[in-house]
Amino acid sequence: MLCPFCLSEVVFQESLEGIKVSYVCPECKETIPVLYVQEYRRYPPVVVNAIGFRGHGKTVYFATLFYALRKQQLSRFWKGFHTMCLNEESLEIVQNNVNMLEKGLLPESTPKNFPRPTIIRLQGIPTYPNRTLLFYDTSGEAFEKASQLVQFASFVKRAQKVLFLLSINDMEDIGMDMHNLLNTYIIGMSALGGQTKNQELVVVYTKADKISNYLDKFSNIIEYLREGTLDGLSNIKNYYKKMQEISKELSYFTRKVLNAHEFLNAAEVHFKAVNFCIISALGANPQGDKLAVAITPRRIFDPLFWLMGKPTPWWKWW
Ligand SMILES: Nc1nc2c(ncn2[C@@H]2O[C@H](COP(=O)(O)OP(=O)(O)OP(=O)(O)O)[C@@H](O)[C@H]2O)c(=O)[nH]1
Ligand SMILES: [Mg+2]
Ligand SMILES: [Zn+2]
């Protein structure tokens with residue numbers, strides 16, 4: 001089983017103290033949530049990662065995702081849907097993020113260290129099997145140098161799909177910055193002994209509310225964003241099809257508008273697949289470190305669906 005703290009493949013050690021059962025990782029000695037171990041096969045883990053430069057929206061994205069999963073009453077669209085935090089620490093993180101956003105506050109820049117995961121189960125999304133999501137968020141500084149990535153972001157090696165979060169307005173030389181991030185990632189992964197060829201890359205353009213000037217010829221994408229986050233969720237199969245369409249348009253946008261030719265060419269060679277999506281976690285530009293209006297996230301489930309893969313009818317799960 002995958003240890004959520006050190007990401008080694010291990011057999012957890014069980015110990016009984018009176019009637020209390022606990023599990024410990026033999027590698028990192030962390031205590032593992034009991035439900036994680038006992039129901040590992042029913043809720044397999046997915047490594048949710050966010051790779052990107054400082055200030056490009058990684059932490060805010062995760063915060064709004066926790067907010068949406070907890071507060072947007074998704075069971076209106078998906079009968080039986082619910083989330084479950086697997087330890088106290090994760091529940092606290094989720095609650096703190098929800099409270100913070102409701103008060104109109106934003107998270108601080110993330111310190112550079114090997115992150116502890118936020119562990120959340122998802123259950124009841126139609127056509128998707130149950131999953132345990134392991135969210136890892138570290139400082140963008142960890143992605144500026146391959147040696148830093150190896151030290152602070154080695155969780156990427158265990159990810160089947162990797163999310164590159166890129167804020168177009170926060171890059172000086174877009175094509176080169178994108179290419180540099182990819183290059184750093186590829187060197188880091190090779191130093192970790194990982195194979196990017198076995199991974200899928202998902203490029204997530206963040207802060208979409210700030211890039212309308214880039215998108216003026218892409219009315220389909222503007223309309224898709226305008227419709228919000230919840231539109232279309234009740235029909236996952238169609239939702240996924242639409243995501244694929246948007247991905248193709250964003251690939252074209254990356255080549256023709258952003259001129260990120262080398263990034264695209266290199267990504268296609270080094271990854272099993274490359275897909276694109278676009279989000280606005282906040283829905284509007286904040287004023288300093290505060291929100292001027294309540295958050296209205298746009299399309300923030302798309303990266304999550306790309307991570308979880310193609311929806312499959314339940315009879316094909318076996
Ligand atoms: N307009 C707009 N601004 C955003 C959005 N998301 C994040 N921001 C702004 O970007 C800032 C940085 O976002 P973070 O999520 O903290 O960035 P990060 O990638 O985690 O940065 P590090 O932790 O330093 O690596 C926030 O404080 C917001 O001001 C968005 O959807 N729209
Ligand atoms: Mg951060
Ligand atoms: Zn461990």
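Which protein donors hold the magnesium ion (ligand 2)? The legends below start with that site in this predicted model and then move on to other views.

**View 1. The magnesium ion (ligand 2) and its protein donors.** Two threonines supply the donor atoms: Thr59 through OG1 and Thr110 through OG1, lying 2.0 Å from the ion. Thr59 belongs to helix α2 (residues 58-71), while Thr110 sits in the loop between α3 (88-102) and β6 (118-123), so the pair ties together parts that are 51 residues apart in sequence. Look for both side chains beneath the surface, since Thr59 and Thr110 are each buried.

**View 2. Strand β9 and its two neighbours.** Strand β9 spans residues 200-205 and is mostly covered, with 5 of its 6 residues buried. On one pairing, β9 meets strand β8 (residues 161-166) in the parallel sense, over 6 bridges. To find your place there, start at Val162, whose bridge partner in β9 is Leu201. Strand β9 also pairs with strand β10 (residues 273-278), again in the parallel sense and over 6 bridges. Here a handy landmark is Val204, which stands opposite Cys277 in β10.

**View 3. A right-handed β-α-β unit.** Follow the chain from β8 through helix α5 (residues 174-191) to β9, and you have traced a β-α-β unit that is right-handed. The two strands of this unit are the parallel pair joined by 6 bridges.

**View 4. The hairpin of β1 and β2.** What a contrast in cover this view offers: of the 5 residues of strand β1 (residues 13-17), 0 are buried, so β1 lies largely in the open. Strand β1 runs antiparallel to strand β2 (residues 20-24), and 5 bridges join them. One of the residue pairs to look for is Glu17 with Lys20, its bridge partner in β2. There are 2 residues between the strands of the hairpin, and Gly18 takes a positive phi near 65°.

**View 5. Lys207 and its backbone turn of phrase.** Most residues other than glycine have a negative phi. Lys207 is not a glycine, yet its phi is positive, at about 50°. You will find Lys207 in the loop between β9 and α6 (219-226). Is this residue buried, exposed or partly exposed? Lys207 is partly exposed, with a relative accessible area of 24%.

**View 6. Asn259, another positive phi.** Asn259 is a residue other than glycine with a positive phi, near 55°. Its place is in the loop between α7 (236-256) and α8 (261-270). Asn259 is partly exposed, and its relative accessible area is 48%.

**View 7. Stepping back to the whole protein.** After the close-ups, it helps to see the setting: the protein has 9 helices and 10 strands. Its radius of gyration is 19 Å, close to the 20 Å that the globule rule gives for 318 residues, so the protein is as compact as a globular protein of that length. Along the principal axes, the C-alpha atoms fill a box of roughly 65 × 45 × 45 Å. Of the 318 residues, 53% count as buried. Among contacts between residues at least 6 apart in sequence, 74% join residues at least 24 apart. The protein exposes about 15000 Å², and carbon and sulfur atoms supply 49% of that area.

How values were computed:
Residues are numbered from 1 along each chain as its sequence is written. Chains are lettered from A and ligands numbered from 1 in the order in which they are written. This is a predicted model: local features need pLDDT of at least 70, side-chain atom pairs count only at pLDDT 80 or more; totals for chains, interfaces and linings use all residues. Side-chain values use heavy atoms; hydrogens and water are left out. Donors are N, O and S atoms within 2.8 Å of the metal (3.2 Å for Na, K and Ca); water is not among the atoms, so sites may look incomplete. Helices (H or I, at least four residues) and strands (E, at least two) are DSSP runs, numbered from the N terminus. Buried means under 20% relative accessible area, exposed over 50%, partly exposed in between (1.4 Å probe, protein chains only). Two strands pair if DSSP finds at least two bridges between them. A crossover is right-handed if, with the strands pointing away from the viewer, the path from the first strand over the helix to the second runs clockwise. The radius of gyration is taken over C-alpha atoms; the globule rule is 2.2 Å times the number of residues to the power 0.38. Contact means heavy atoms within 4.5 Å. Accessible areas come from the Shrake-Rupley method with a 1.4 Å probe; for residues, only the protein chains shown count as cover.
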